[in-house]
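Student: Can you zoom in on one part of this model for me? I'd like one connected walk through it, cut-offs included.

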Amino acid sequence: MNRGGGGGGAGGAPGPTAAASAAAVQRQKSLLQRVDTDINGIVDNFSHMVNLSRVNDPPFRNSQEVLQMEMRAARVVQAADSLLKLVSELKQTAIFLNFASLNEHVEQRMAEFNQQAERTDRLLEKIGEQAAASLKELESHYYSSVLRTNQLEE
């Protein structure tokens, strides 16, 4: 997991580095180009198949057209297979990126909870010190009070 900086400080969650961002943009362009190529291939080959499907009289020409239609159909199947592989690749990428972002989110929440625990510890320490000071003050008042000295004399 690439991160910009040493850790998740007070500035916010760590983000991807510039190189990772550039790689992601390049990958997105590549995937979009593959999609365009495959879809254009399917449309082009299908339209050629429709044009070739006209019935003609000469038997030699029909067999030639059948061969062209088979070739075009094979290309449509190849382009569709390529699109299916692309969809599978996109799903895998989405799953892995989701795990990475989930891990980053967990690490960020852990850092937030650790900071909150430190603040809570400091607050409890401060409260304990104040309670100890108040207890000492109350003890000194109690031991120097008139009522206590009168009870000891009786």
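**A close look at helix H2**

Tutor: Let's start with Ile95: its relative accessibility is 46%, so it counts as partly exposed (buried is under 20% relative accessible area, exposed over 50%, partly exposed in between, with a 1.4 Å probe and protein chains only). Keep in mind that this is a predicted model, where local features need pLDDT of at least 70 and side-chain atom pairs pLDDT 80 or more, while totals for chains, interfaces and linings use all residues. Numbering runs from 1 along each chain as its sequence is written, and side-chain values use heavy atoms, leaving out hydrogens and water.

Ile95 sits in helix H2 (helices are DSSP runs of H or I with at least four residues, strands E runs of at least two, numbered from the N terminus). Together with Phe96, Phe99, Leu102, Val106 and Met110, Ile95 makes a nonpolar surface patch of about 610 Å². Patch members have over 30% relative accessible area and no salt bridge; nonpolar side chains are joined within 5 Å, like charges within 9 Å. A negative patch is there too, built from Glu118, Asp121, Glu125 and Glu129, and Glu129 belongs to helix H2, which covers residues 59-143.

Now for the charged contacts. The structure has 4 salt bridges (a Lys or Arg side-chain nitrogen within 4 Å of an Asp or Glu carboxyl oxygen). In one of them, Glu89 pairs with Arg27, with the closest N and O atoms 2.7 Å apart. Because Glu89 is in helix H2 and Arg27 in helix H1 (residues 18-52), this pair ties together parts 62 residues apart in sequence. Glu89 is partly exposed at 24%, and Arg27 is partly exposed at 37%. Arg34 also meets Glu89, at 3.1 Å from N to O; that pair links helix H1 to helix H2 across 55 residues. Arg34 is partly exposed as well, at 29%.

Within helix H2 itself, Asp81 and Lys85 form a salt bridge at 3.5 Å, N to O. They are 4 residues apart in the helix, so about one helical turn separates them. Asp81 is partly exposed at 37%, whereas Lys85, at 52%, counts as exposed. Back at Glu89, shared partners join Arg27, Arg34 and Glu89 into one salt-bridge network.

There's also a backbone distance to note: Val87 of helix H2 has its C-alpha atom 9.6 Å from that of Val35, 52 residues away along the chain. Val87 is partly exposed at 41%. As for the whole protein, 8% of its 154 residues count as buried, and its secondary structure is 3 helices and 0 strands.

Note on methods
Areas by Shrake-Rupley, 256 points an atom, 1.4 Å probe, with all protein chains shown as cover. Lys, Arg positive; Asp, Glu negative; His and termini not counted. Charge placed at Lys NZ, Arg CZ, Asp CG, Glu CD.
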